[in-house]
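Colleague: I'm new to this one and would like a walk through it. Could you take me feature by feature?

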Amino acid sequence: MDATLITGGAGFIGSHVARRMIALERRVVVIDNLNDSYAVQIKRDNIRDFIDHPLVTFIEGDVRDAGLIEQTLAAHNIDSVCHLAAMANVRASIERAQLYFDVNVNGTLNLLEAARKAGVQQFLLASTSSVYGNTSPVPFVETMSADRPLAPYPASKRSAELLAHAIHNLFALPVTVLRFFNVYGPHGRPDMMPIKVLRALMDGSAITVYDDGELKRDWTYIDDIVDGVISALDRPLGYEIINLGFGAPATLNQFIDILEDLTGRRLNIQRVPTPPTELLVTYCDNTKARDLLGFNPAIPLQEGLARTWAWFRGREGSGF
Ligand SMILES: NC(=O)c1ccc[n+]([C@@H]2O[C@H](COP(=O)([O-])OP(=O)(O)OC[C@H]3O[C@@H](n4cnc5c(N)ncnc54)[C@H](O)[C@@H]3O)[C@@H](O)[C@H]2O)c1
């Protein structure tokens, strides 16, 4: 039976994709180096409910290890790759630019090379709305310039997109680049706002908010993202870049209001100047995803945050 390789499968999005694939009775090989970008225990918790499933092979390893990647593709009949492994925190990328490029560019190159040699049928590359920088006007359309990144992280992701095009051009490897917009939900990354705000609401600690809280983000619920990922995995399109986002940005103030209402608590806010890494707005034009992938995001922010809060509350006391 052919299998899909999910890199970064112990992370937030990867673990959800793996769970959905198993529900669809599809075989997956999950590779993740369980690094300390955030608490390793969280990554172990992300995979705990499926790591022993008969449809799953878990490999603790690094996407920069070319030998391991080639061997994995051959040994497991990999016919599609869902490449999600990355160093993914925008602000952390300022101080760790070399590591970000090593993983996000060289690691991606390893996978692209191995995939084209192995005759992989579809290669998904996770990219980000932050490649648009402060492009205007909004919403962001895939044809707009993405050549003014504001930090090493989006610069590394844009580089990976370009590299993927080169490999596609030379070897006809089908590649779909998915630009995710502000993904949130259960098992969310602890360095992102939804989980940071929930934690701060629970323990009363102060949280930093940029300037007046009016930066806008197009929050996209994890189940909608997974729908888009699975659909893209099953539809080789040559080389395409596709936005995956809900399409309705909210200010951070609106976002905080919803979480305060849900939890019945007030957030202890410390205002700081907006750093130069930050986009003023992320706003997804998802027309292309709707047309090419049948993408139809269904979970508005209020509902998605209610689900996230329900999950978070269930884990209170577990140290998360
Ligand atoms: N969460 C978002 O809102 C968002 C938005 C845009 C793009 N993305 C992209 O989506 C992908 C998944 O993001 P996420 O939020 O799930 O992040 P995450 O940090 O939770 O998951 C990434 C996983 O990759 C693993 N990893 C990192 N370096 C590795 C290496 N060298 N070898 C093997 N594994 C390695 C990490 O251990 C982690 O488990 C990333 O490529 C990220 O850049 C995420």
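**Reading the model**

Modeller: Let's start with P137, which sits in the loop between β5 and α5 (152-171); helices (H or I, at least four residues) and strands (E, at least two) are DSSP runs, numbered from the N terminus. The peptide bond leading from S136 into P137 is cis, with omega near 0 degrees. That β5–α5 loop also holds P139, and a cis bond with omega about 0 degrees joins V138 to P139. Before we go on: this is a predicted model, where local features need pLDDT of at least 70 and side-chain atom pairs count only at pLDDT 80 or more, while totals for chains, interfaces and linings use all residues. Residues are numbered from 1 along each chain as its sequence is written.

Colleague: Which residues are closest to the ligand?

Modeller: A residue is near a molecule if its C-beta atom, placed from the backbone, lies within 6 Å of it. Here 30 residues surround the ligand, and the closest are G8, G11, F12, A86 and V183. The elements giving two or more residues to that shell are α1 (12-23), β2 (27-32), α4 (97-117) and β5 (122-128). The largest share, three residues, comes from α1.

Colleague: How many residues of each class are in the shell around the ligand?

Modeller: Ala, Val, Leu, Ile, Met, Phe, Trp, Tyr, Cys and Pro count as nonpolar, Asp, Glu, Lys and Arg as charged, and the others, Gly among them, as polar. The shell around the ligand has 15 nonpolar, 10 polar and five charged residues.

Colleague: Back to α1. Is α1 mostly covered or mostly open?

Modeller: A residue is buried if 20 or more other C-beta atoms lie within 10 Å of its own, exposed if 12 or fewer, and partly exposed in between, with C-beta atoms placed from the backbone. By that count α1 is mostly covered, with nine of its 12 residues buried; among them are F12, I13 and H16.

Colleague: And what comes after α1?

Modeller: That's E25, in the loop between α1 and β2. Phi of E25 is near 60 degrees, a positive value in a residue other than glycine. E25 counts as exposed because it has 8 C-beta neighbours inside 10 Å. N182 also has a positive phi, near 35 degrees, but N182 is buried, with 23 other C-beta atoms within 10 Å.

Colleague: At what angle do α1 and α7 cross?

Modeller: Axes are lines fitted to C-alpha atoms, for helices over the stretch in contact, and angles run from 0 to 180 degrees between N-to-C directions. The axes of α1 and α7 (residues 222-233) come within 10 Å and cross at roughly 65 degrees. Two residues are in contact if their C-beta atoms, placed from the backbone, lie within 7 Å. On the α1 side the contact uses I13, H16, V17 and R20, and α7 brings I222, I225, V226, V229 and I230. By class, that makes seven nonpolar, one polar and one charged.

Colleague: How far apart should the ends of α7 be?

Modeller: The expected span of a helix is 1.5 Å times one less than its number of residues. The 12 residues of α7 should therefore span 16 Å, and its end C-alpha atoms are 16 Å apart, which agrees. Like α1, α7 is mostly covered: nine of its 12 residues are buried.

Colleague: One last spot: what does L279 touch?

Modeller: L279 touches S130, G133, N134 and L150, leaving out residues up to four places away in sequence. L279 is found in the loop between β13 (268-272) and α9 (287-293).
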